[in-house]
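Let's take a walk through this one together, strand by strand. Have the viewer open and follow along.

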Amino acid sequence: MYKRTVTMSRLCLSLRVLLLCVCVRARQLPGSCSFELDTCGYSSDPNYGSWTVNKEGHLISVDSSLLDEQEQAILVSPILDEQDWSCVRLVYQISGGGSLQLYLRLASDNFDYLLWTANKASDSWLIASVDLPNNAIPYQILLEGRPAGGLGKSVAIFEIHIVNGYCIECDFEEHHMCGYSNSWNPNVNWYVGGVATESNLFGNNTTNNYRGHFVYVDSVYSKHFQEVAKLTSPMTTVPMEGCLSFYFHRKQERGNIFSVFTRDQLGVFEEIWRPEVIVTAGWTLVYIEIKAPHPLQVVFEVAFNSARGGYVAIDDISFSPEFCQTDTESTFDPAIANCDFDNGLCLYYQEKAESKVWSRVSIKPNTYRIGDHTTGTGYFLLANTGFTSIPGYVGRLHGPFLPGNHKYCLRFYYLLNEFRKVDSTLVLYIYDENNVAQEKVWSLSDTPRAVWTVVEITYMKPMLSKIVFATICNNFWECGSLAIDDITVSLGDCKITAGSVPGQCNFESGVCGYIQDKKGDNADWLRMRGHTPTSLTGPRGDHSTGVGYFIYIEASLMHPGHKARLLTSYLHGSSSVQCLIFYYHMYGSGTGILNVFLAHGRRKDILLWRSSGELSITWMRATVDYHCHVQHQIIFEAIRGPSLRSDIAIDDIHFKRGPCEEPGEASPYSGSSEYFNEVVN
Ligand SMILES: [Ca+2]
Ligand SMILES: [Ca+2]
Ligand SMILES: [Ca+2]
Ligand SMILES: [Ca+2]
């Protein structure tokens with residue numbers, strides 16, 4: 001323990017010297033703090049453990065031995081109202097194990113946005129750069145420290161430094177390189193250079209070319225063929241579109257290859273620029289358009305072939321949300337290809353001769369018939385191949401044309417009933433402009449399950465293209481009814497856009513910090529996937545994907561009238577109306593009651609929503625508008641009905657800013673369910 005403190009203060013000292021010269025240049029915004037004299041208005045959330053200022057000052061930390069029963073401590077900033085884009089630079093250390101999270105809390109929302117997270121222990125202080133996008137709403141930043149269990153584990157913050165501008169910007173006057181990192185290589189590396197080294201590196205540099213400090217890489221120690229030096233920016237917190245600019249200075253004797261890439265969260269690189277000139281006379285300014293549908297890092301890469309490969313230097317990396325060229329078109333939004341079929345066919349159509357194959361239908365759900373995927377009561381497309389008189393036909397559903405050279409993520413849900421043999425009964429093609437199939441991207445090969453199942457496909461074509469669903473029925477006896485719903489197309493890889501959404505819980509990786517009531521009820525909600533154990537009750541799959549997780553009450557483990565209550569983690573109050581959307585499943589002849597309560601302080605729980613009795617084998621959407629200006633929790637309470645067939649399930653809980661009602665959405669809950677069936681005792 002003693003040894004660690006000594007190491008820490010020594011580290012503090014060296015960093016302190018470093019940061020002192022830093023702060024002179026970049027103006028620090030409110031919310032910055034060096035934890036020297038006080039905590040600058042930062043305080044610990046009293047619902048969790050405490051952050052403590054180190055006795056000698058200079059840092060604030062959460063120590064596992066001081067946390068008692070709590071797992072985390074949350075440090076809350078004063079209310080900030082910087083409206084322009086800013087960048088938080090955090091000097092932190094996780095000792096022994098644990099994690100540190102940075103959240104953004106907007107005054108208008110009752111949940112927090114996770115912007116950044118770190119979970120690797122380290123022996124030294126690290127620097128993180130986190131973008132705070134421009135925003136007209138007052139906000140707070142929250143730092144959640146979770147030291148690992150056991151003695152001597154801690155999470156410490158040495159300094160919070162907030163400056164104007166984007167985190168990928170850097171003039172290299174600060175020694176920490178603004179969160180840029182050099183990928184260490186034994187022979188070629190990016191270094192900070194400056195006034196002293198400039199003359200011997202660049203020879204006869206004119207004073208107009210004076211740039212203070214900069215980063216450079218040279219080939220002097222390069223030993224092998226194709227040695228690569230990489231300089232990587234911090235990851236942006238949001239997708240970026242605009243103009244990236246920087247100065248570079250390059251000398252190429254026997255060869256270096258200089259390129260700039262973007263890198264996404266999956267580690268996929270895309271080259272965005274290469275210089276046209278081999279040798280620059282002095283510093284040269286370049287502009288590069290950036291259009292990324294996902295958060296990104298900018299990577300500057302130089303490859304050398306020998307020790308006489310010259311050098312590359314870079315300075316003043318900056319970003320503007322305006323494109324460099326005024327005629328650059330903004331990124332195309334493929335949402336035109338989205339359709340939930342609730343209000344029509346959107347931009348989808350069938351070939352005339354085949355127009356009878358797909359029909360847009362709505363099935364009022366009951367015990368035996370499954371409703372649509374969107375709300376449980378909306379429309380979907382049904383290819384009722386079993387009832388057609390012409391076996392061996394093909395029905396094609398065409399989507400709208402989308403421009404080429406973009407990576408698209410296509411998602412849709414399908415549902416199969418009564419299929420005996422399903423191979424290739426539904427096939428998805430990419431067609432070109434001449435209506436010629438270019439690629440078969442997916443075909444149905446699963447066994448039928450009578451549950452809406454998601455399909456995700458990432459594709460990219462060099463030309464204008466569209467998606468075409470083809471349903472094929474070769475033999476009357478092999479065909480049945482096949483349905484699709486909720487088609488969406490977004491930019492980027494499906495794996496990237498599938499991240500967790502703030503305020504949303506799909507139960508895929510846990511219960512989102514929700515809490516089981518241990519006192520006020522008789523049972524717990526269970527998390528599971530697949531179908532529930534008792535027949536004729538419960539869902540056959542979850543709502544999110546058809547094969548994921550949901551939570552439910554297992555009626556066979558409870559007595560009639562027994563309750564199970566699940567509390568959300570704390571939501572903070574907000575000045576405006578908030579929307580809660582969730583999907584619920586109430587199927588089974590003895591189904592009981594599902595209640596949603598609002599709980600705050602010591603007041604009696606307020607009933608927000610209720611549904612009772614058997615509804616259908618479909619997941620139904622519930623929307624609840626509510627208003628609460630103080631910290632609160634939402635409680636999901638299920639009450640077991642009179643028989644074993646009374647499993648109740650929930651999935652895809654989503655808290656949203658503002659009222660639920662939007663054009664095309666179901667109206668807020670009015671007090672009783674439209675599909676109400678009495679429980680028969
Ligand atoms: Ca500089
Ligand atoms: Ca629908
Ligand atoms: Ca789920
Ligand atoms: Ca319980």
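In what order do the five strands of the open sheet that contains E32 and E38 stand? The order is E32-E35-E40-E37-E38, and the pairing is antiparallel. Strands here are DSSP runs of E with at least two residues, helices are runs of H or I with at least four residues, and both are numbered from the N terminus. Two strands count as paired if DSSP finds at least two bridges between them. Strand E32 (515–516) and strand E38 (606–612) sit at the edges with a single partner strand each, so one side of each has no neighbour in the sheet.

Before going on, some housekeeping. This is a predicted model, so bear in mind that local features need pLDDT of at least 70 and side-chain atom pairs count only at pLDDT 80 or more, while totals for chains, interfaces and linings use all residues. Residues are numbered from 1 along each chain as its sequence is written, and chains are lettered from A and ligands numbered from 1 in the order in which they are written.

Back at the edge of that sheet, E32 pairs with strand E35 (residues 563–567) in the antiparallel sense, over two bridges. If you want a spot to zoom in on, Gln516 has Leu566 in E35 as its bridge partner.

Now zoom out. The protein chain has three helices and 41 strands. Of its 681 residues, 41% count as buried, meaning that 20 or more other C-beta atoms lie within 10 Å of a residue's own (12 or fewer is exposed, in between is partly exposed, and C-beta atoms are placed from the backbone). Contacts are pairs of residues whose C-beta atoms, placed from the backbone, lie within 7 Å. Among those between residues at least 6 apart in sequence, 80% join residues at least 24 apart.

Another open sheet has five strands in the order E12-E13-E20-E15-E18, again with antiparallel pairing. Its edge strands are E12 (191–193) and E18 (284–291), each of which pairs on one side only. Neighbouring strands in this sheet are turned by 35° against each other on average, direction ignored; the axes are lines fitted to C-alpha atoms, and angles run from 0 to 180 degrees between N-to-C directions. At the E12 edge, three bridges link E12 to strand E13 (residues 214–218) in the antiparallel sense, and Gly193 has Phe214 in E13 as its bridge partner.

Next, follow E14. Strand E11 (residues 181–182) runs antiparallel to strand E14 (residues 227–232), joined by two bridges, with Asn182 opposite Leu231. E14 is also joined to strand E19 (residues 297–304), antiparallel, by six bridges, and there Glu227 stands opposite Phe304.

What about the inside? A nonpolar core is a set of buried Ala, Val, Leu, Ile, Met, Phe, Trp, Tyr and Cys residues joined through C-beta atoms within 7 Å. The largest has 85 residues, and Tyr414, Ile484, Tyr584 and Ile650 have the most contacts inside it. Strand E25 (residues 407–417) gives the most to this core, with eight residues. Domain 3 (334–496) and domain 4 (504–657) each supply at least three residues to this core, with bounds from an automatic or database domain assignment. Leaving out residues up to four places away in sequence, Ile650 touches Phe550, Ile551, Phe582, Tyr583, Tyr584 and Phe636. A second, separate core of 71 residues includes Cys87, Val188, Leu244 and Val312.

Last stop: Thr623, in strand E39 (residues 620–626). Thr623 is buried because 21 other C-beta atoms lie within 10 Å.

Key: Contact = placed C-beta atoms within 7 Å.
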